[in-house]
There are 2 protein chains.
Amino acid sequence: MNKVLVVGSVALDSIKTPAGSVDHALGGSAVYSSISASYFAPVNVVGVVGDDFSKAHVALLKKHGVDTVGLEVAKGKTFHWKGEYPEFGDAKTLETHLNVFADFDPKLPKGYETTPFVFLANIHPGLQSRVLDKMKKPKLVVCDTMNLWINITPDELKTLLKRVDIFVLNETESKMLTGIGNIIAAAKAIRAMGPEIVIIKKGAHGATLFSDGFSFSVPAYLLESIKDPTGAGDTFAGAFVGTLAAAKKIDKAALKKAMAHGTIMASFTVQDFSVGRLAHLKKSDIARRFKEYVALTQL
Amino acid sequence: MNKVLVVGSVALDSIKTPAGSVDHALGGSAVYSSISASYFAPVNVVGVVGDDFSKAHVALLKKHGVDTVGLEVAKGKTFHWKGEYPEFGDAKTLETHLNVFADFDPKLPKGYETTPFVFLANIHPGLQSRVLDKMKKPKLVVCDTMNLWINITPDELKTLLKRVDIFVLNETESKMLTGIGNIIAAAKAIRAMGPEIVIIKKGAHGATLFSDGFSFSVPAYLLESIKDPTGAGDTFAGAFVGTLAAAKKIDKAALKKAMAHGTIMASFTVQDFSVGRLAHLKKSDIARRFKEYVALTQL
């Protein structure tokens, strides 16, 4: 089966939401997306952690078949993010400590460079580019980002986008990047920057994929309560890429199924802090939720 | 075919949006919903207009097979609403002149009382109740409302809800009515007030139907530009009821199809001011958009 290479942040998050809080819990875009993708395809992860990073976290990734040879252990502390969701709106960042990420120069373990599917999870676009530079003709490059990079590194992001096949971002970010409020028009403008396909996420309101003459919308899976929205977008993208890596062919049907898998996997993530729910799913949990999702959305 | 009785407002609207403006254009919840429903089932309308109401507007309704015998012409001016959409957010009401609606006592023309499907379009819940009082064992009662009535006549609305089968409202209204932010929990609370089925509309983010152990979500049909959102909710509900009236059986499949028809009909309404687009559709326009909607949403 096709493998997925994921590069992104590996973090220890301290998060407060109306449902509770966690301190230095496992997080980061590469973690959420690797575990999410791992339910559909094998994953190689590239990232950096400090010498304070628990071996149990590495073991958890390995348990999901994630190859962690590319997870560099550097002297110092793991990337740390502290945030708060006052009313389940957008996260309010309280503290960001780059720590070992400040000097990270990604190296690819031997063999990683031919991984056919690449997911550039949310991280500095310069790092995303450097990893892509080392890849040998990937079959598909999917990229995520966040408002921060659109704000402070727009040129690096735009340079990167020319080499990306599928770009995932949220509605607010699509407006920031293009200055266009309507998502059809914004997607068109982003596709003109390079990506053949653009996916615009709308949080609790689902997501829409835009391709050439083809669009596909998914509503969110409905949940009666949410504990922590952190990692929902990363989880969506990870399952999306994993599903495509497992597909025989990347056609409309595969893209649609990947959107649905992204949606339901994200719904597991927000049901607990950190990867509390995401990392402990059985295949049958996913199959059951997929079936419920079909009932919820299919005529 | 089953007929639909619609009671609601018939208005002359003066509206300003970023896309333009209209002065004293045909509007009102009964107008949007009657015309929308008329594409699926024949309609009897109950309402009141002033002696300033253009015969051309009545002719337009008749052209859609809407029986206008129940449209009373009273001495005075037609209900007038003046509103503005600053940035396609919620409407800002500038003026409301009830005019002939102030003293309206709905009378049902002979034969209307046995209309099997009843749609209580957005209007004072006291009026909605009085019309329902005159009906003889309707097969299905669908009801819409707005924030105003939840604010100023909550008790009358709650009394009415005990007699309603399907209640349609938007997300903000569901929160106002229940004090609950989560839509699953809010829908549960509203269903406990009487309606077997609750539909929560989310504007540009689609809608979800909640029944006993069954939910169904529809994303919105995507549009690159919107001229005027006025009447979208009325149009949705009108098509929803019309579709059910035309169905052989009110089962899950019929409810799902009705949600999809509601969504696509609303998408026509917002493409022009007043009923500029809604009132001039061919069956083939609706069929084409339905096909596009299936492609947009079905796996």
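Biologist: Why is the pair E224(B) and K188(A) called a salt bridge?

Modeller: The closest N and O atoms of E224(B) and K188(A) are 3.3 Å apart. A salt bridge needs a side-chain nitrogen of Lys or Arg within 4 Å of a carboxyl oxygen of Asp or Glu, so the pair qualifies. The rule finds two salt bridges across the interface of chain A and chain B.

Biologist: What are these values taken from?

Modeller: This is a predicted model, in which local features need pLDDT of at least 70 and side-chain atom pairs count only at pLDDT 80 or more, while totals for chains, interfaces and linings use all residues. Side-chain values use heavy atoms without hydrogens and water, residues are numbered from 1 along each chain as its sequence is written, and chains are lettered from A and ligands numbered from 1 in the order in which they are written.

Biologist: Which elements of chain A supply at least two residues each to the side that touches chain B?

Modeller: They are α7 (183-191), β13 (207-211), β14 (214-218), α9 (252-269) and α10 (283-297). Helices (H or I, at least four residues) and strands (E, at least two) are DSSP runs, numbered from the N terminus. With five residues, α10(A) gives the most to that side.

Biologist: How do you know that chain A and chain B are related by a two-fold axis?

Modeller: A turn of 180° with a shift of 0.0 Å along the axis lays chain A on chain B, with an RMSD of 0.0 Å. That is the relation of a two-fold axis. The superposition is by least squares on the C-alpha atoms of residues with pLDDT of at least 70 in both copies.

Biologist: What makes the rings of F79(A) and F101(A) a pair, and of which kind?

Modeller: Rings of Phe, Tyr and Trp (its six-membered ring) pair if their centres lie within 6.5 Å; planes under 30 degrees apart count as stacked, over 60 as edge-to-face and the rest as tilted. Six aromatic pairs are found over all chains. For F79(A) and F101(A) the centres are 5.8 Å apart and the planes at 80°, so this pair is edge-to-face.

Biologist: Why does the salt bridge of K82(A) and E95(A) tie together separate parts of the chain?

Modeller: K82(A) is in strand β7 and E95(A) in strand β8 of chain A, so the parts joined are 13 residues apart in sequence. The N to O distance of this salt bridge is 3.8 Å.
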